[in-house]
Amino acid sequence: GTPARAATAMVTLTIDGYEVTVPEGTSVMRAAAEHGINIPKLCATDSLEAFGSCRLCLVQIEGRRGYPASCTTPVEAGMVVHTETPKLHDMRRNVMELYISDHPLDCLTCPANGDCELQDMAGVVGLREVRYGYKGANHLDDTKDTTNPYFTYDPAKCIVCNRCVRACEETQGTFALTIGAKGFASRVTAGQGEDFIDSECVSCGACVQACPTATLQEKSVIELGQAEHAIVTTCAYCGVGCGFKAE
Ligand code: FES
């Protein structure tokens, strides 16, 4: 009989000298990951739609000008991709320098210490110095939003990766969050001058889960610290099974 759906076409390309075959439409970043090559990233996640804002995942593609973001570039047959060149290393370090120049230097006392993707990526790209100093406007932003009963928002730590906004839209179908203003002034907001508590937020926690830094923090984690281990339970009232955290 006729198959219900046409089989997805496969595409073969070369990444760092390895031949990789993936379904059409796969991003270069995912194709590389299939082969165990982890391109540095901050705004991309395994589950959210690619966004292409952090510019950490730049690669070189033979025959193409510039350095495209691998998370938003789809594979093409015969493509020859390089993910590790001295130039790419330099550019990624530069990008990280800019992030860190506008980020508080309180890692040792930050609740995300050891569980922060910004910190991880600084290590991955080999950041040694920040030539621009540490005077970014974010350092001075102490307008923390604590109005939501479940989470706090610290604009000083926000890198505007949009992951929380996308998580809200894509996993919850809610448009409770948006990015307001531009440049140094850009920050996650609940809309025109609204506090999070007045927004459409249903406190599902998707935004907090998606945050790569300590910008969005569960209040319980701030008060009690990270749970030592988590137990996944399915209670009698619900067939879904949530990630209930127990001590
Ligand atoms: Fe590709 Fe951020 S991970 S631009």
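Buried here means under 20% relative accessible area. By that cut-off C57 is buried, because its relative accessibility is 2%. C207, at 8% relative accessibility, is buried as well. Please keep in mind that the model is predicted.

**Cysteines**

A disulfide is a covalent bond between the sulfur atoms of two cysteines. The cut-off used for such a pair is sulfur atoms within 2.5 Å, and by this rule the count comes to zero disulfides.

**The chain as a whole**

Six helices and eight strands make up the list of elements in the protein chain. In sequence order, they follow the pattern β-β-α-β-β-α-α-β-α-β-β-α-β-α. The protein chain has 247 residues, and 42% of them count as buried. Its accessible surface comes to about 14300 Å², with 51% of this belonging to carbon and sulfur atoms. If you look at contacts in the protein chain with a separation of 6 or more, 58% of them are between residues 24 or more positions apart.

**The four-stranded sheet**

Strands of a sheet pair through backbone hydrogen bonds, either parallel or antiparallel. In this model, one open sheet of four strands runs in the order β2-β1-β4-β3, and its pairing is mixed. Since β2 and β3 (60-61) stand at the edges with a single partner strand each, one side of each is left without a neighbour in the sheet. Further in, β1 pairs with β4 (residues 80-82) in the parallel sense, over two bridges. For a place to start in the viewer, try I15, which stands opposite V81 in β4.

**Two helices and their cover**

Which residues of α3 (residues 117-124) are buried? They are L118, M121 and A122. These residues lie on the same side of α3, because they cover an arc of only 105° around the axis. An α-helix has 3.6 residues a turn, so residues three or four places apart point the same way. G123 and V124, on the other side of α3, are exposed. The cover over the buried residues of α3 includes α2 (86-101).

Helix α4 (163-172) comes after the loop that holds V160. The buried residues of α4 are R163, C164, V165, R166, A167 and C168. Among the elements that cover them are α3, β6 (178-180) and β7 (187-189). The cover also includes α5 (206-210) and β8 (216-218).

**Positive phi values**

Most residues other than glycine have a negative phi, and most peptide bonds are trans. Here are four positions in the model where phi is positive:

| Residue | Phi | Place |
|---|---|---|
| D16 | near 50° | loop between β1 (10-15) and β2 (18-23) |
| G126 | about 75° | just after α3 |
| V160 | about 55° | loop between β5 (151-153) and α4 (163-172) |
| G173 | about 70° | just after α4 |

D16 has a positive phi in a residue other than glycine, and V160 likewise is not a glycine. Are these residues buried, exposed or partly exposed? D16 is partly exposed, because its relative accessible area is 27%. V160 is partly exposed too, with a relative accessible area of 25%.

Notes: Residues are numbered from 1 along each chain as its sequence is written. This is a predicted model: local features need pLDDT of at least 70, side-chain atom pairs count only at pLDDT 80 or more; totals for chains, interfaces and linings use all residues. Side-chain values use heavy atoms; hydrogens and water are left out. Buried means under 20% relative accessible area, exposed over 50%, partly exposed in between (1.4 Å probe, protein chains only). Contact means heavy atoms within 4.5 Å. Accessible areas come from the Shrake-Rupley method with a 1.4 Å probe; for residues, only the protein chains shown count as cover. The arc is that of the directions from the helix axis to the C-beta atoms. Two strands pair if DSSP finds at least two bridges between them.
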